[in-house]
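Please open the structure in your viewer and keep the sequence panel beside it, since each stop of this tour begins with a selection.

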Amino acid sequence: MKQLLWLLLFPVNLLFSILCTVISPLAACFVTPDRRHLRSPFKWLDTIDNDLSGDAGWKQEHLIGTDPLSWINRTRWLIRNGGNKISYNVFGCLDTPYTQQGFYYANPEGYWLYRRPLPITSKRFIDLFIGWNLPGAKYGRAKYTSSFRLKTKL
């Protein structure tokens, strides 16, 4: 049944992702004086667990230049993660124990995640996330996800 829910949420999530991508360059201009958070009307694009400088992995793998709070890096961080408050709090599910069998994760409520690295070359792969990120729950919630990211390390 949760597969149907995931499918119903997919077009909404896709439109939301497109909206975040289009709005992010403008939103990245409306920041607090320390440049770490967005101001209204773009606060809803902030991420729940990191400021606009991104997380440690982002800074190591994706940073352009040396300033993680530059406009380009804020914009790129928002395109990658912007609006994840909605993915967690509106589309997400409660953080409950889950089981894992290979690339498939599931909890007793029927929420699931299929996460699989798909090799492209010896140094790059696509990190496929479909479902609810059960192992990556934050603040008691697991976010809805439909993510296909080009990566160099797990």
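## A tour by selection

Begin by selecting T96, which sits in the loop that runs between β1 (93-94) and β2 (99-101). The model on the screen is a predicted one. With T96 still highlighted, add A106: the two residues are separated by 10 residues in sequence, and their C-alpha atoms lie 9.7 Å apart in space. Which residues is T96 in contact with, leaving aside its neighbours within four places in sequence? Display N107 and E109, for these are the contacts of T96 once those neighbours are set aside.

Move next to the loop between α1 and α2, where R35 is found. Although R35 is not a glycine, its phi is positive, at about 65°. The loop between α1 and α2 also holds P41, and if you select S40 together with P41 you will see that the peptide bond joining them is cis, with an omega of about 5°.

The following stop is a pair of helices. Select helix α1 (residues 2-27) and helix α3 (residues 71-81), whose axes come within 8 Å of each other and cross at roughly 155°. Angles over 145 degrees count as roughly antiparallel, and so α1 is roughly antiparallel to α3. The crossing of these two helices, α1 and α3, is right-handed. To see what makes the contact, show the side chains of T21, S24, P25 and A27 on α1, and those of W71, T75, L78 and I79 on α3. Sorted by class, the residues in this contact of α1 with α3 comprise 5 nonpolar and 3 polar ones, with no charged residues.

Finally, turn to the largest pocket, which holds about 1,100 Å³ of space. Its lining is made up of 43 residues, and a useful selection to centre the view is R80, N81, K143, S147 and R149, the lining residues closest to the centre of the pocket. Which element supplies the largest share of the lining of the largest pocket? Colour β7 (144-151) to find out: the largest share of that lining, 8 residues, comes from β7. Then colour α1, α2 (56-61), α3, α4 (84-89) and β5 (125-132) as well, since each of these elements, like β7, supplies at least two residues of the lining. Colouring by residue class completes the view of the largest pocket, as its lining residues divide into 14 nonpolar, 17 polar and 12 charged.

Technical notes
Residues numbered from 1 in each chain as written. Predicted model: local features only at pLDDT ≥ 70, side-chain atom pairs only at ≥ 80, totals over all residues. Heavy atoms only, no water. Axes fitted to C-alpha atoms, helices over the stretch in contact; angles between N-to-C directions. Helix = DSSP H or I, 4+ residues; strand = E, 2+ residues; numbered from the N terminus. Parallel < 35°, antiparallel > 145°, perpendicular 65-115°, else oblique. Left-handed = near helix turned anticlockwise from the far one by under 90°. Contact = heavy atoms within 4.5 Å. Nonpolar A, V, L, I, M, F, W, Y, C, P; charged D, E, K, R; others polar. 1 Å grid on protein atoms, 1.4 Å probe; cavity = no way out; pocket = protein on both sides within 12 Å on 5 of 7 lines; lining within 4 Å. Points joined across faces, edges and corners; volume = space filled by probe spheres on them.
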